[in-house]
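Reader: Hey, got a minute to walk me through this one? I'd like to know what I'm looking at before I set anything up.

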Amino acid sequence: MDNVGLVLEGGGFRGIYTAAMLDVFHREDLFFNYAIGVSAGAAYGVSYVARQYQRNLAVNPYVADKRYCSVQNLIKKGNFFDWDFVYHYIPTQIIPFDYESFARSKTRMKVVITNCHTGNAEYVDLNGNDPKVFRDLLAATSSLPFLSKVCEFRGQLYMDGGIADSIPVMQAFRDGVDRAVVILTREKGYQKKPIKGKLLLKTFYRKYPKMVEAMVNRWKVYNRTLEELERLEQEGKVFIIRPSLPISVSRIENNPEALERAYYAAEREAETVLPELKRWLASK
């Protein structure tokens with residue numbers, strides 16, 4: 001395949017749509033040399049990079065486990081999600097993640113995180129096979145405001161990558177790809193709205209005014225990126241895959257049955273997308 005990259009939006013558990021799409025790619029032997037993911041896009045994407053078909057589906061039943069996500073976690077630990085359980089215990093003890101396969105993969109992956117002090121996005125290469133690096137970086141990109149504490153990674157503090165760059169397609173081009181397949185988790189026509197509760201936000205994150213500024217402006221940046229994607233799509237530089245209808249799960253959904261239904265609905269949708277995608281990939 002020529003120099004085509006893969007861009008994965010976040011969206012919490014709406015990322016189950018992305019997981020299904022990537023499993024269909026796997027089944028069709030569609031792999032890319034470059035991938036960049038935000039939040040859930042990165043979390044679900046690593047199994048695709050490691051060539052572990054339906055691993056995300058195997059993990060899905062554990063989202064109902066209180067150790068995975070719960071108000072109890074939020075009260076006791078300050079995190080709705082227990083990152084050590086999600087990104088270390090499960091992949092090392094329950095549903096093994098193949099760190100060696102990831103390290104050998106021809107797909108190189110970047111993960112987007114937001115620096116709390118600068119409010120800027122940083123794009124970190126995820127490589128090697130150290131489980132603790134995976135845990136810390138995936139926790140950082142997934143740490144949602146109010147539901148998570150800020151995360152330390154390599155001596156700096158970070159939160160959800162989507163705060164500063166929800167759809168990092170321009171970074172993919174800066175990194176040298178010629179074209180990109182972009183998997184979104186919102187339906188066509190979706191527009192992000194201005195954030196509510198600015199005073200609470202400024203009070204809660206008063207130590208990080210630049211990050212607050214990024215949060216307040218996020219809707220503008222996101223909607224401008226959608227406009228840019230439309231232009232790039234018309235030019236043939238991106239192929240956009242998005243749900244035909246709103247995904248029927250929330251970003252903090254913890255119902256495995258609902259997530260499984262969403263997975264198989266996305267899988268069926270993928271079958272209708274594949275022929276057009278393959279034609280686009282074959283074109284120049």
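Author: Sure, we can go through a few strands and helices, one buried aspartate and a helix pair. Keep in mind that this is a predicted model.

Reader: Okay, strands then. Is β7 mostly covered or mostly open?

Author: Mostly covered. β7 spans residues 179–183, and five of its five residues are buried.

Reader: Which residues point which way from β7?

Author: R179, V181 and I183 go one way, while A180 and V182 go the other, and all are buried. In a regular strand, side chains alternate between the two faces of the sheet.

Reader: Which strands does β7 pair with?

Author: β1, residues 4–8, pairs with β7 in the parallel sense over five bridges. β8, residues 238–241, also pairs with β7 in the parallel sense, over four bridges.

Reader: Give me some residue pairs I can click on.

Author: On the β1 side, G5 has A180 as its bridge partner in β7. Towards β8, I183 stands opposite I241.

Reader: Switching to helices. Which residues of α5 are buried?

Author: In α5, residues 83–94, the buried ones are W83, F85, V86, Y87, I90 and P91.

Reader: And what covers them?

Author: The cover includes helices α2, α3, α6 and α7, along with strand β5 at 151–153.

Reader: What caps the N-terminal end of α5?

Author: That's D82, which has a side-chain oxygen 3.2 Å from the backbone nitrogen of D84.

Reader: Speaking of aspartates, where is D160, and is it buried or exposed?

Author: D160 sits in strand β6, residues 156–160. D160 counts as buried because its relative accessible area is 1%, and the cut-off for buried is under 20%.

Reader: What does the side chain of D160 have for polar company?

Author: One of its polar atoms lies 3.0 Å from the backbone nitrogen of G162.

Reader: What about contacts further off in sequence?

Author: Beyond four places in sequence, D160 touches several residues, among them V38, S39, T114, R218 and R251. The list also includes A140, T141, S143, L144 and P145.

Reader: Last topic: how do α2 and α7 pack?

Author: They pack at an angle of about 145 degrees, with their axes 8 Å apart.

Reader: Which residues meet there, and what class are they?

Author: A42, A43 and V46 from α2 meet F134, L138 and T141 from α7. By class, that contact has five nonpolar residues, one polar and no charged ones.

Notes. Residues are numbered from 1 along each chain as its sequence is written. This is a predicted model: local features need pLDDT of at least 70, side-chain atom pairs count only at pLDDT 80 or more; totals for chains, interfaces and linings use all residues. Side-chain values use heavy atoms; hydrogens and water are left out. Buried means under 20% relative accessible area, exposed over 50%, partly exposed in between (1.4 Å probe, protein chains only). Helices (H or I, at least four residues) and strands (E, at least two) are DSSP runs, numbered from the N terminus. Two strands pair if DSSP finds at least two bridges between them. Contact means heavy atoms within 4.5 Å. A polar contact is a pair of N or O atoms within 3.5 Å; within protein, one must be able to donate a hydrogen and the other to accept it, and residues adjacent in sequence count only if both atoms are side-chain atoms. Axes are lines fitted to C-alpha atoms, for helices over the stretch in contact, and angles run from 0 to 180 degrees between N-to-C directions. Ala, Val, Leu, Ile, Met, Phe, Trp, Tyr, Cys and Pro count as nonpolar, Asp, Glu, Lys and Arg as charged, and the others, Gly among them, as polar.
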